[in-house]
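Q: Can you go through this structure with me? I'd like to start with the overall picture and then look at some details.

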Amino acid sequence: MAAMASASGSALRFTDAPSSRAIRRDIGASCLAPRTVTFGFVDKSVTNLNRLRLSCLKTRASNATAVENANAADSDKVPTPVVIIDQDSDPDATVVEVTFGDRLGALLDTMNALKNLGLNVVKANVYLDSSGKHNKFAITKADSGRKVEDPELLEAIRLTVINNMLEFHPESSSQLAMGAAFGVLPPTEQVDVDIATQVSIKDDGPDRSLLYIETADRPGLLVELVKIISDISVAVESGEFDTEGLLAKVKFHVSYRNKALIKPLQQVLANSLRYFLRRPSTDESSF
């Protein structure tokens with residue numbers, strides 16, 4: 001897998017959405033369907049990454065045998081894959097962290113795949129703890145040297161990292177929600193989205209609120225969450241998006257007109273997110 005870099009996180013401010021050419025170049029324009037999303041008060045044209053097809057993020061067919069062998073040998077030992085997109089810890093770069101027990105290598109192929117998205121890996125490191133080997137890398141946009149702020153590109157980063165994990169570690173397929181769409185084996189465990197979905201909002205100072213979401217993961221989720229939030233004129237300022245096996249765990253700093261969300265608006269936002277997440281409008285033919 002591609003070399004993972006480590007750095008402090010980055011801030012996820014969705015104001016200036018960059019061109020989607022880099023994403024189209026790597027994933028393929030024919031697999032993307034255009035739609036409009038509102039970030040804050042400005043309409044931006046973005047790509048619906050929920051329509052990525054299996055042919056766009058494909059894994060090697062020969063991995064099926066490798067999965068079967070891995071499952072037979074390590075059925076009780078396959079760790080939970082974790083991919084974290086951190087927009088908070090580094091003001092100048094987006095930090096990506098990948099953990100899969102002690103199975104990850106240098107991730108050089110992942111790094112090359114990210115370069116194909118028009119990104120540079122500016123810092124990288126690896127550290128060990130009780131949960132395994134953590135590969136962290138800080139990435140910036142190659143054309144500007146700045147952190148990634150477009151949710152479409154952030155989702156493309158997430159799917160690229162996960163796709164490489166599925167390709168080079170096919171045993172992760174049954175551990176990831178994306179395994180159903182892009183892997184060689186779908187997850188054996190099914191997540192009840194009604195039970196799994198949790199939404200909470202609390203004040204985080206006078207100028208912003210902290211939104212926490214936990215729900216069943218699926219392709220395009222990050223982009224769709226930002227759309228739901230921005231459709232009610234709530235601004236997403238920064239945050240962290242964690243893919244942990246079958247679940248997505250999201251922390252967004254949000255505000256309304258540069259102020260923390262008042263209680264009635266918190267309730268409206270929470271209700272909107274719960275309704276969307278429990279009744280996802282996913283086009284099954286997209287995959």
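The chat below goes from the whole chain to a few helices and single residues.

Q: What kind of model is this?
A: It is a predicted model.

Q: OK. How many helices and strands are in the chain?
A: The chain has eight helices and ten strands.

Q: And what share of the residues is buried?
A: Of the 287 residues in the chain, 54% are buried.

Q: What about contacts between residues that sit apart in sequence?
A: Take the contacts between residues at least 6 apart in sequence: 72% of them join residues at least 24 apart.

Q: Let's pick a helix. What span should α8 have, and what does the model give?
A: Helix α8 covers residues 263-278, which is 16 residues. At 1.5 Å a residue it should span 22 Å, and its end C-alpha atoms are 22 Å apart, so the two agree.

Q: Which residues of α8 are buried?
A: They are Leu265, Gln266, Leu269, Ala270, Leu273, Phe276 and Leu277. These cover an arc of only 135° around the axis, which puts them on the same side of α8.

Q: Why would residues spaced like that point the same way?
A: An α-helix has 3.6 residues a turn, so residues three or four places apart point the same way.

Q: Which residues are exposed on the other side of α8?
A: Lys263, Pro264 and Tyr275 are exposed there.

Q: What covers the buried residues of α8?
A: The cover includes two helices, α6 (193-196) and α7 (221-230), and two strands, β7 (198-203) and β8 (209-216).

Q: Stay with α7. How do the axes of α7 and α8 cross?
A: They come within 10 Å and cross at roughly 145°. The crossing of α7 past α8 is right-handed.

Q: Which residues meet there?
A: From α7 there are Leu221, Glu224, Leu225, Ile228 and Ile229, and they meet Leu269, Ser272, Leu273, Phe276 and Leu277 of α8. By type, the residues of this contact are eight nonpolar, one polar and one charged.

Q: New topic. What is the sign of phi for most residues?
A: Most residues other than glycine have a negative phi.

Q: So what is phi for Ser233?
A: Ser233 has a phi near 65°, a positive value in a residue other than glycine. Ser233 sits in the loop between α7 and β9 (235-244). Its relative accessibility is 25%, so Ser233 counts as partly exposed.

Q: And Asn258, where does that lie?
A: Asn258 is in the loop between β10 (247-255) and α8. Phi of Asn258 is also positive, near 65°.

Q: Is Asn258 buried or exposed?
A: Asn258 is exposed, because its relative accessible area of 60% is over the 50% cut-off.

Q: Now α3 and α4. How do their axes cross?
A: Helix α3 (residues 108-115) and α4 have axes that come within 10 Å and cross at roughly 145°. Here α3 passes α4 in a right-handed crossing.

Q: Which residues meet in that contact?
A: Asp109, Thr110, Ala113 and Leu114 of α3 meet Ile157, Thr160, Val161, Asn164 and Phe168 of α4. They divide into five nonpolar, three polar and one charged.

Q: Last one: where is Ala156, and is it buried or exposed?
A: Ala156 is in helix α4, residues 151-168. Ala156 is buried, with a relative accessible area of 0%.

Q: How far is Ala156 from Leu114?
A: Their C-alpha atoms are separated by 9.1 Å, and the two residues are 42 residues apart along the chain.

How values were computed: Residues are numbered from 1 along each chain as its sequence is written. This is a predicted model: local features need pLDDT of at least 70, side-chain atom pairs count only at pLDDT 80 or more; totals for chains, interfaces and linings use all residues. Side-chain values use heavy atoms; hydrogens and water are left out. Helices (H or I, at least four residues) and strands (E, at least two) are DSSP runs, numbered from the N terminus. The expected span of a helix is 1.5 Å times one less than its number of residues. Buried means under 20% relative accessible area, exposed over 50%, partly exposed in between (1.4 Å probe, protein chains only). The arc is that of the directions from the helix axis to the C-beta atoms. Contact means heavy atoms within 4.5 Å. Axes are lines fitted to C-alpha atoms, for helices over the stretch in contact, and angles run from 0 to 180 degrees between N-to-C directions. A crossing is left-handed if the near helix is turned anticlockwise from the far one by less than a right angle, and right-handed if clockwise. Ala, Val, Leu, Ile, Met, Phe, Trp, Tyr, Cys and Pro count as nonpolar, Asp, Glu, Lys and Arg as charged, and the others, Gly among them, as polar.
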